[in-house]
Amino acid sequence: MQNASSPAQDRAELAGAGRIVVKVGSSSLTTPDGHIDRERIRDLADVLAERRAAGTEIVLVSSGAMAAGIGPMGLPARPRDLATQQAAASVGQGLLIAHYTRAFAGHGLTAAQVLLTVEDLMRRVQHRNARRALRRLLDIGAVPIINENDTVATHEIRFGDNDRLAALVAHLLRADALLLLSDVDALYDDDPARPGARRIARVVDPRDLDGVAVGSAGRRGVGTGGMVTKVESARIATEAGVPTVLTSAANARAALAGEQVGTLFAAGTGRRPSTRQLWLAHATAGRGSVVLDPGAVRAVVREHASLLPAGVVKVEGDFTAGDPVDLCDEDGRVVARGLVNYDAAEIPELMGRSTRWLARELGPEYEREIVHRDDLVLLSAAER
Ligand SMILES: Nc1ncnc2c1ncn2[C@@H]1O[C@H](COP(=O)(O)OP(=O)(O)O)[C@@H](O)[C@H]1O
Ligand SMILES: N[C@@H](CCC(=O)OP(=O)(O)O)C(=O)O
């Protein structure tokens with residue numbers, strides 16, 4: 001995606017933004033022994049309230065639930081098993097919101113907890129619900145504080161990290177900017193702990209990151225995705241037209257003022273993809289795959305057609321209808337991802353058959369596509 005703006009213009013967009021999504025990581029909110037760092041929460045609320053008072057709508061995506069549950073539950077470290085993680089998040093989330101509520105109330109602002117699941121952004125009806133509720137909260141002047149609903153999320157159905165969730169929320173709400181706050185002041189070209197690592201001030205094209213050592217979570221061990229998910233988040237947001245700044249929580253005020261801190265990822269200028277397409281492309285993994293013959297690859301990639309049973313030659317994996325699956329060519333390259341309309345076990349019987357034949361022999365419900373074009377996104381390999 002092209003971008004012709006200058007560094008100063010990009011920063012000015014942040015300074016003048018009318019609606020900003022701010023994401024803050026666990027490492028910036030909790031102490032090493034697994035408790036909430038009250039001072040950091042107060043500092044963050046001060047900065048955001050200042051900006052709110054200047055008329056900007058603020059949506060906060062806050063991590064830290066699980067990290068904040070570690071101390072109160074008497075755990076020695078971040079738990080490894082899912083059930084204890086869910087329990088810790090449940091304990092920590094309540095405490096986190098209590099602290100935010102108090103800190104924002106000090107500025108006359110109402111904090112509002114919003115817990116989202118993958119389904120809330122994926123499915124059409126829930127998606128509209130989520131957007132309507134968030135918009136209403138902004139209308140009444142509240143500060144929505146979003147987190148993933150960790151207590152009910154399992155490995156199979158979760159965003160997994162709030163960096164990408166924040167980008168999807170920025171897209172959902174058509175935000176003017178996304179601010180990612182971490183414990184590191186910028187993206188560096190190498191692990192920032194290494195001598196000689198240099199700050200990257202501006203990223204205009206994904207190719208600007210060629211050769212950059214984008215590493216995983218920091219030493220504290222409470223963050224989840226490290227720089228990988230932050231860079232991915234910035235990619236999702238900028239593809240959706242939302243400029244993104246990555247910096248430390250300590251630099252939040254300067255970043256919001258448009259100062260040249262952290263790393264700025266400039267927004268693309270292409271057509272905005274749907275949240276569903278963004279989600280499919282960036283936040284899901286295929287639960288299996290279907291292999292397409294060359295004609296079907298052409299139809300899907302070049303003509304943006306739905307995938308019909310006639311073009312499928314093979315099925316792999318054990319998915320059920322509604323799951324994301326990879327669409328591969330006969331050389332095994334993934335060309336697209338989509339939400340499948342059949343269980344894996346049903347497809348062999350349908351492969352190579354025309355929809356008309358299927359409807360006549362098996363009934364009208366078999367006239368449906370394997371993947372409908374609205375539920376399908378091309379992946380970069382196909383677009384090259
Ligand atoms: N190239 C890089 N530039 C900056 N930080 C990096 C890089 N590679 C890895 N990191 C690490 O990523 C960490 C931030 O990720 P994480 O711990 O998940 O934070 P958060 O809890 O804020 O989401 C930093 O503390 C840093 O050690
Ligand atoms: N939803 C999880 C946070 C997941 C996450 O992305 O954490 P982080 O990498 O610290 O932003 C929690 O509140 O514990």
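Start at ligand 2 and select α3, which gives the shell around this ligand its largest share, three residues. Keep in mind as you go that this is a predicted model.

Next, add β4 to the selection. Both α3 (65–70) and β4 (143–148) put at least two residues each into the shell around ligand 2. Now show the rest of that shell: 17 residues surround ligand 2. Which of them come nearest? Pick out Gly 25, Ser 26, Ser 63, Ala 65 and Met 66. Try colouring the shell by class, and you'll get ten polar, four nonpolar and three charged residues around ligand 2.

Time to zoom out. Select 7–279 for domain 1, then 284–383 for domain 2, following the domain assignment of the protein chain. Put a marker at the C-alpha centre of each: domain 1 and domain 2 have centres 35 Å apart.

Now switch the whole protein chain to cartoon. You'll be looking at 14 helices and 13 strands. Turn the view along the principal axes, and the C-alpha atoms fill a box of roughly 70 × 45 × 45 Å. How does the radius of gyration sit against that of a compact globule? The protein chain has 22 Å, which agrees with the value near 21 Å expected for a compact globule because the chain has 384 residues.

Last stop: colour by burial. Buried residues account for 44% of the 384 in the protein chain. If you draw contacts too, take those between residues at least 6 apart in sequence; 72% of them join residues at least 24 apart.

Technical notes. Residues are numbered from 1 along each chain as its sequence is written. Chains are lettered from A and ligands numbered from 1 in the order in which they are written. This is a predicted model: local features need pLDDT of at least 70, side-chain atom pairs count only at pLDDT 80 or more; totals for chains, interfaces and linings use all residues. Helices (H or I, at least four residues) and strands (E, at least two) are DSSP runs, numbered from the N terminus. The radius of gyration is taken over C-alpha atoms; the globule rule is 2.2 Å times the number of residues to the power 0.38. A residue is buried if 20 or more other C-beta atoms lie within 10 Å of its own, exposed if 12 or fewer, and partly exposed in between; C-beta atoms are placed from the backbone. Two residues are in contact if their C-beta atoms, placed from the backbone, lie within 7 Å. A residue is near a molecule or strand if its C-beta atom, placed from the backbone, lies within 6 Å of it. Ala, Val, Leu, Ile, Met, Phe, Trp, Tyr, Cys and Pro count as nonpolar, Asp, Glu, Lys and Arg as charged, and the others, Gly among them, as polar. Domain bounds come from an automatic or database domain assignment.
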